[in-house]
Structure formats: C-alpha cells, structure tokens
Amino acid sequence: MLDTNQILEESGLRLTRNEIDLIRQRMPPPAPNGKIYVDGVFEGGGVRGIAFLGALRCCADVGVTWRKVAGTSAGAITAALVAADFPIAHLEKIIGSMNFMEFLTEKTSPLIFNGDPADDLGHPLWLILWLQLAGKSGQYSGEPFRRWMAGILRKQGLTDFVSLREQSTDGVKRELKVVVSDVSKGEMLVLPDDLTLMQEQLGFRDAGEFEIAEAVRLSMSIPLFFEAGKLGSSRIVDGGILSNFPLWIYDFKPGVSQQTCPRWPTFGLRLTQNNNQQGKPINGPFDMLRAMFSTMMVARDQYHLSQGKQDRVVEIDVAQANATATEFNLSDDKKRTLYRIGYKAMKQFFLGDARQQPWDWDEHLRRRGYDPVQCREEYASKS
C-alpha cells in the first residue's frame with residue numbers, strides 16, 4: 001500500500017506557499033473561471049509510471065487543471081485517469097492500492113513457463129521460443145487490466161470516447177488521445193482519431209464509440225509480454241514501438257496557419273534513466289537482440305526531443321528506483337521512491353536549479369516566436 005500522505009510530510013519535499021505563488025506568477029493568465037489549464041503528454045515506461053503520480057500531486061499543489069491529455073502505454077493509463085478528472089487524493093488512493101500482479105492472472109497458454117516478470121524482457125530469445133511453442137503472441141492476456149480500467153472509469157461516468165466528449169468541467173472540454181502500434185500494417189495509430197477510417201469495419205457509427213479501456217489496453221500491450229490486441233484484421237501492440245513519447249500530438253500541424261497565440265502550455269512528462277546514457281556493451285547476438293528491442297521503443301522520440309522541445313519536457317529520472325518496466329511485483333519501497341522522484345522532478349521543473357531556469361510562460365512564448373505582451377492583450381480581449 002502506497003501511503004502518499006506519509007511521503008508528502010517529509011521535510012523539504014512539498015512545495016511551500018511562497019514557492020507556489022512564484023510558480024503561479026510564471027503561468028499563463030487564468031481563464032475567466034479563475035483556473036489555469038495545461039495540456040499533458042505522458043511517456044510509456046511500464047510500472048515505473050507511478051512516478052507520474054508524484055508529478056501530478058505537485059501540479060495539483062500548484063493548482064493547475066489538466067485539459068487535453070495523451071499518452072503511450074503506461075502514459076496512456078495515466079492520461080486516461082487524468083482525463084477522468086479524479087481528485088488527486090482519490091487518484092492516489094486508486095494507484096496506491098493497486099496490486100499490479102492482478103493484471104498477470106491470465107496466462108495465454110499453460111505451455112508458457114517463466115519466472116520473475118521483472119526480467120522477462122531481458123531474455124527475449126527464451127520468451128520467443130516459449131511463445132512459438134505455445135502459438136501465442138504474448139505471455140499474458142490484457143483482459144484483466146481492461147476490466148480493471150473499465151471499472152475505474154465507470155465511476156466517473158466514462159465508458160467510451162463519446163462519453164468523455166460529452167463531459168465538461170466549467171465549460172472546458174477534456175480530451176484524450178491514445179497511441180498504439182499497428183504491426184500488421186506497420187503504422188502508428190492515434191485513438192480515437194484514426195478509427196474514423198475503420199469505424200464501419202468495427203461496427204461503429206462514430207469512432208468515439210470505441211471503449212477507452214480497450215484503447216488503453218491496446219496501448220500498454222508490451223510486445224511478447226502481453227498478447228497483441230486486434231482492431232479489425234490488424235494486430236495491435238504497445239504504442240511505444242513507434243512513439244513512446246508523443247509530445248508532438250497537440251502541436252499545430254504543418255501547413256496550418258496559426259494566427260492566434262497559444263493559450264495554454266503542453267507539458268511532456270517522460271521517464272528517463274540517466275545512468276544508462278553511456279550505453280551498454282554489445283558482445284554478441286543476445287546483447288544485440290536486447291539492444292534492438294530497447295532501441296525501437298525510444299529512438300524516434302529521442303530524435304524529436306533533440307529538435308528544441310526541451311523547455312516543456314519534465315525529465316523524471318527513475319534510475320534511483322532500480323525498477324524495470326515489467327516489475328509488476330514492485331515493492332512498496334520502490335513505489336514510494338518512484339512517487340517521491342516524480343514530485344521532485346516536477347518541482348524542479350517549475351522552480352529551476354543550477355542547471356535550468358525556472359519554467360516561465362512568457363519565456364516559452366518568446367522561444368516559439370510570440371510576443372508575450374501582445375499575447376496577454378489578445379487573451380484579455382477574448383475573456
């Protein structure tokens with residue numbers, strides 16, 4: 001059980017009133033309803049996504065409200081729960097009481113033998129051999145997770161993307177996008193947007209009728225670990241294969257004229273392991289297979305991040321937790337460490353330190369080529 005209240009009482013961790021005031025002064029002007037909105041994109045990373053919970057608590061302490069959210073794999077889980085608009089204390093209770101091993105209760109075949117789920121992906125060759133013998137695409141069914149997610153979302157009146165579309169908070173529409181990988185066609189799909197082209201095949205009048213829990217299940221179907229899902233005739237796996245950190249998802253599209261100032265920032269929360277930046281030795285075919293499996297999950301987004309997007313990215317270094325993406329038997333100590341790391345990373349992003357300046361909306365606008373004074377005048381004219 002993760003007792004977040006105990007962690008937040010630790011000396012020097014939580015934001016002070018003065019720090020919160022300073023952060024809010026650097027945020028965009030509030031909406032007419034007094035709220036400060038932000039959009040969010042959450043990276044995949046398996047069970048280490050608990051670190052996002054600490055970051056969300058820090059944002060709640062500042063008083064920001066999430067509007068549009070998107071994610072891949074574990075990031076899709078976080079994004080869906082954020083879109084459901086749970087109060088942060090309730091969200092902490094949900095995540096803190098989770099037993100991740102309950103998601104691994106249905107193996108796809110009795111012929112699959114494995115040990116600790118934490119290191120399954122560290123031995124992909126053996127995993128492939130067992131799956132080939134069993135005639136399966138993954139060790140575990142994603143159905144226990146889908147049922148859990150569907151039950152959680154129903155508490156907030158959410159079932160499909162239409163139900164989310166019809167809800168609003170103070171007149172502000174929330175939005176959720178989930179990234180998956182179609183390995184049959186070699187394409188990345190953003191749900192529900194890309195379902196429009198196949199809604200008749202799936203039997204929907206509106207692509208938004210697709211179940212949110214199923215979309216998230218598809219996105220978190222780690223290849224070989226979870227059984228691949230289906231969309232019509234296509235086989236679907238973890239979106240991280242093609243975009244583990246879809247920071248681009250709410251950016252303005254190329255060729256579309258943007259005449260007005262952006263109203264809210266998009267924060268990208270990503271999980272890093274800075275102790276791995278020097279690379280790992282590759283001494284043979286098994287090392288090569290492991291390295292290829294890891295690279296395909298992150299390389300594309302590393303390139304995207306190198307293109308000047310760092311001023312809106314919150315780097316959460318989870319190395320200290322020493323947890324793997326598939327460590328579903330995560331100890332309470334590691335859960336506490338991840339939560340603490342997430343809060344500290346978000347706090348550092350807002351306040352800055354010796355290596356980086358405090359995050360500032362006006363400076364963010366300048367980097368994107370906007371005049372902050374003109375933008376504030378534009379906001380005032382529309383309020």
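User: Buried means under 20% relative accessible area, exposed over 50%, and partly exposed in between. In this predicted model, which of these terms applies to R366?

Analyst: The relative accessible area of R366 is 47%. This value lies between the limits of 20% and 50%, so the term for R366 is partly exposed.

User: Which residue meets R366 in a salt bridge, and where do both lie?

Analyst: The closest approach in this salt bridge is 3.3 Å, N to O, and the partner of R366 is E363. E363 is also partly exposed, at 32% relative accessibility. The two residues are three places apart, about one turn of the helix, and both lie in helix α14.

User: Is D61, which forms a salt bridge with R14, buried or exposed?

Analyst: The closest N and O atoms of D61 and R14 are 2.9 Å apart. The pair links distant parts of the chain, with D61 in helix α3 and R14 in the loop between α1 and α2. R14 is partly exposed at 34%. D61 has a relative accessibility of 16%, which is under 20%, so D61 is buried.

User: How many residues apart in sequence are the parts tied together by E106 and R147?

Analyst: E106 and R147 form a salt bridge with closest N and O atoms 2.8 Å apart. E106 lies in the loop between α5 and α6, whereas R147 belongs to helix α7, so the pair ties together parts whose separation in sequence is 41 residues.

User: Which helix supplies the largest share of the largest nonpolar core?

Analyst: This core has 96 residues, and L269 is among those with the most contacts inside it. The largest share, nine residues, comes from helix α3.

Terms used
Residues numbered from 1 in each chain as written. Predicted model: local features only at pLDDT ≥ 70, side-chain atom pairs only at ≥ 80, totals over all residues. Heavy atoms only, no water. Core = buried A, V, L, I, M, F, W, Y, C linked by side-chain atoms within 4.5 Å. Buried < 20%, exposed > 50% of the residue type's maximum accessible area, 1.4 Å probe, protein only. Helix = DSSP H or I, 4+ residues; strand = E, 2+ residues; numbered from the N terminus. Salt bridge = Lys/Arg side-chain N within 4 Å of Asp/Glu carboxyl O.
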